[in-house]
Amino acid sequence: MIRPILIHPDPRLKKPADPVDTVDDDLRTLAADMLETMYDAPGIGLAAPQIGVMQRVLVMDCVKEEGAEPRPMVLINPEVTWASDEVSIYEEGCLSIPEQYADVERPAEVKVAWTDLDGAERSEHFTGLWATCVQHEIDHLDGKLFIDYLKPLKRQMITRKMQKLKRERARA
Ligand SMILES: [Zn+2]
């Protein structure tokens, strides 16, 4: 089921999410809904707070090549366990901040540990777009948005545009 995506500013996007303590069928349904919502948007990552669910769950698929097999990933209680000193800059966007993009600097590579949908502990070394995406999504679980890395003036400008967008959508 496709769920509505919250648009910034929204208090739920600024609040840390709670750890998941049981991987059950409700959680598997949530993960399936999140993947469907992400692919439909379309986007490469989505965190549970973006659909108003305050749990530490994120989904992502950064496969972009035409015709390549998709790689849907579900990360429960993800944690960065190592980050490279080397940084990289990507022009980031966010499904909760539509059509706004800005350069953000982050560690170029990270190791992340998480629980999967079978309740098993997993970890992976992410590079490139995957590394940026997983850090962006983990930030969502901590109530942090990519615009929080920007200078205040630029952040306020984007926030005002989003307030206007929300007013227009409410009227429509
Ligand atoms: Zn985002």
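Q: Let's start with helix H2. Is H2 enclosed by the rest of the structure or open, and why?
A: Good place to begin, and keep in mind that this is a predicted model. A residue counts as buried when its relative accessible area is under 20%. In H2, 13 of the 14 residues are buried, so this helix is largely enclosed by the rest of the structure.

Q: Where does H2 sit in the sequence, and what is its reach?
A: H2 covers residues 128–141. From its first C-alpha to its last, H2 reaches 21 Å, close to the 20 Å expected at 1.5 Å a residue.

Q: Which way do residues along an α-helix point?
A: An α-helix makes a turn every 3.6 residues, so residues three or four places apart point the same way.

Q: What comes just after H2?
A: Look at Gly143, which takes a positive phi of about 75°.

Q: Could we zoom in on one residue of H2? Is Cys133 buried or exposed?
A: Cys133, which is placed in helix H2, has a relative accessible area of 5%, so it is buried. Setting aside neighbours within four places in sequence, Cys133 is in contact with Ile44, Gly45, Met60 and Cys62. You can also pick a residue far off in the sequence: Ile5 is 128 residues from Cys133 along the chain, and their C-alpha atoms are separated by 18 Å.

Q: How do I read a residue in a strand, such as Gln100 in S5?
A: Use the steps we used for the helix. Strand S5 spans residues 97–107 and contains Gln100. With a relative accessible area of 13%, Gln100 is buried. Not counting residues up to four places away in sequence, Gln100 touches Glu92, Gly93, Cys94, Phe146, Ile158, Lys161 and Met162.

Q: Now the whole chain. How many helices and strands are there?
A: The protein chain has 3 helices and 7 strands. Along the sequence they follow the pattern α-β-β-β-β-β-β-β-α-α. The chain's radius of gyration is 16 Å, close to the 16 Å that the globule rule gives for 172 residues, so the chain is as compact as a globular protein of that length.

Q: What share of the residues is buried?
A: Of the 172 residues, 44% count as buried. Contacts add to the picture: among those between residues at least 6 apart in sequence, 65% join residues at least 24 apart.

Q: And what does the chain expose?
A: About 9400 Å², with carbon and sulfur atoms supplying 50% of it. As for charge, there are 22 positive and 31 negative side chains, and the centres of the two sets lie 11 Å apart.

Key: Residues numbered from 1 in each chain as written. Predicted model: local features only at pLDDT ≥ 70, side-chain atom pairs only at ≥ 80, totals over all residues. Heavy atoms only, no water. Helix = DSSP H or I, 4+ residues; strand = E, 2+ residues; numbered from the N terminus. Expected span 1.5 Å × (residues − 1). Buried < 20%, exposed > 50% of the residue type's maximum accessible area, 1.4 Å probe, protein only. Rg over C-alpha atoms; globule rule 2.2 N^0.38 Å. Contact = heavy atoms within 4.5 Å. Areas by Shrake-Rupley, 256 points an atom, 1.4 Å probe, with all protein chains shown as cover. Lys, Arg positive; Asp, Glu negative; His and termini not counted. Charge placed at Lys NZ, Arg CZ, Asp CG, Glu CD.
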